[in-house]
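Got your viewer ready? Load the model shown here and we'll walk through it one selection at a time.

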Amino acid sequence: MKILAISDEVVDLLYSARLRQNFGHVDLVLGCGDLPFYYLEYIVTALDVPLYYVPGNHDRLEQYLSDGRIIHQAEGCEALDGRAVDAARQIGARLRSTGQAASGSPALLVAGLGGSMRYNAEGIHQYTEAEMWVRAARLAPSLLRNRLRYGRFLDILVTHAPPRGIHDDTDPAHIGFQVFRTLMDVFRPRLLLHGHAHVYRSDTVTRTRYKDTQVINVYPYRLIEWDGADHD
Ligand SMILES: [Zn+2]
């Protein structure tokens with residue numbers, strides 16, 4: 001299975017007619033935040049695969065369309081913030097609707113926690129460490145259910161901000177969350193995909209192993225091979 005992960009920046013290669021040509025083989029898209037709804041909608045329409053996304057600290061609660069409508073969610077996409085889902089269900093439903101076989105596809109357990117560390121009083125999608133702990137704790141019952149049903153808690157954690165000390169920075173807006181490390185300690189996802197940390201130098205580290213988890217900064221996009229057991 002191929003996963004296209006995106007974050008933080010509208011990339012010309014993706015926001016163009018070349019998208020289908022270059023990424024037509026993708027099965028799932030995961031958005032790691034700070035992306036305009038029109039971009040998410042373009043990608044979900046062009047690729048016609050499930051797209052789950054979390055908000056970044058620059059995303060507003062509503063966005064305006066050129067026809068004057070106000071939308072609170074990218075149409076055709078699934079908001080993943082504070083949720084845990086089995087993405088394989090949606091992928092399977094799509095394959096069945098297009099006549100492709102999809103019986104017995106294994107679960108793909110995905111959960112999302114958007115937003116960044118709080119750095120100003122009025123900002124939305126900003127959280128203190130304690131607030132993010134509460135949001136993370138609310139995911140726990142779903143993850144425990146996953147464990148009972150599938151034998152594991154979580155496959156992929158989708159965030160906007162990085163974990164503390166991994167791909168993060170020291171300024172208040174870009175410091176990572178300690179609780180994301182705790183989530184990896186306890187729930188052992190195979191992947192943690194994040195954005196928020198813009199990459200300007202070719203020698204910047206964007207992939208770090210932490211216990212059972214590959215932490216990947218997907219900025220501005222990353223194609224990921226998912227084989228259910230390990231990944232590239
Ligand atoms: Zn950000």
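Start by selecting β3 and β6: these two strands pair in the parallel sense over two bridges. Strands here are DSSP E runs of at least two residues and helices are H or I runs of at least four, numbered from the N terminus; two strands count as paired if DSSP finds at least two bridges between them. Now click Tyr52, whose bridge partner in β6 is Glu78.

A word on what you're looking at: this is a predicted model, where local features need pLDDT of at least 70 and side-chain atom pairs count only at pLDDT 80 or more, while totals for chains, interfaces and linings use all residues. Residues are numbered from 1 along each chain as its sequence is written.

**The open sheet**

Widen the selection to β6-β3-β2-β1-β15, five strands that form an open sheet in that order, with mixed pairing. At the edges stand β6 (78-79) and β15 (221-225); each has a single partner strand, so one side of each is left without a neighbour in the sheet.

**Helix α3**

Next, pick residues 87-97, which make up helix α3, and colour its buried residues Ala87, Ala88 and Gly92. (Buried means 20 or more other C-beta atoms within 10 Å of the residue's own, exposed means 12 or fewer, and partly exposed is in between; C-beta atoms are placed from the backbone.) These three cover an arc of only 130° around the axis, which puts them on the same side of α3; the arc is that of the directions from the helix axis to the C-beta atoms. Spin to the other side of α3 and you'll find Ala93 and Ser97 exposed.

What covers the buried residues of α3? Show β2 (28-31), β3 (51-53), β7 (84-86) and β8 (109-113), which are among the covering elements. Contact here means C-beta atoms, placed from the backbone, within 7 Å. Step past the helix to Gly99, where phi is positive, near 80°.

**Into the core**

Select Val29 and show what it touches: Leu4, Ile6, Ile43, Val44, Leu47, Val49 and Leu51, leaving out residues up to four places away in sequence. Val29 is one of the residues with the most contacts inside the largest nonpolar core, which has 58 residues; Ala5, Leu30, Val110, Val158 and Leu193 are the others. A nonpolar core is a set of buried Ala, Val, Leu, Ile, Met, Phe, Trp, Tyr and Cys residues joined through C-beta atoms within 7 Å.

**Helix α5**

Jump to residues 178-187, helix α5, where Val179, Phe180, Leu183, Met184 and Phe187 are buried. Looking down the axis of α5, you'll see these buried residues fall within an arc of 150°, so they line one face of the helix. Asp185 and Val186, on the other side of α5, are exposed. Among the elements that cover the buried residues are α4 (129-150), β11 (156-159), β12 (191-194), β13 (207-210) and β14 (213-217).

Is Thr182, also in α5, buried, exposed or partly exposed? Thr182 is partly exposed, with 14 other C-beta atoms within 10 Å. Draw a distance from its C-alpha to that of Pro163, 19 residues apart along the chain, and you should get 9.2 Å. Just after α5, Arg188 takes a positive phi of about 50°.

**Zoom out**

Finally, show the whole chain, with its five helices and 15 strands. Its radius of gyration (over C-alpha atoms) is 17 Å, close to the 17 Å that the globule rule (2.2 Å times the number of residues to the power 0.38) gives for 232 residues, so the chain is as compact as a globular protein of that length. Buried residues make up 40% of the 232.

Conventions: Two residues are in contact if their C-beta atoms, placed from the backbone, lie within 7 Å.
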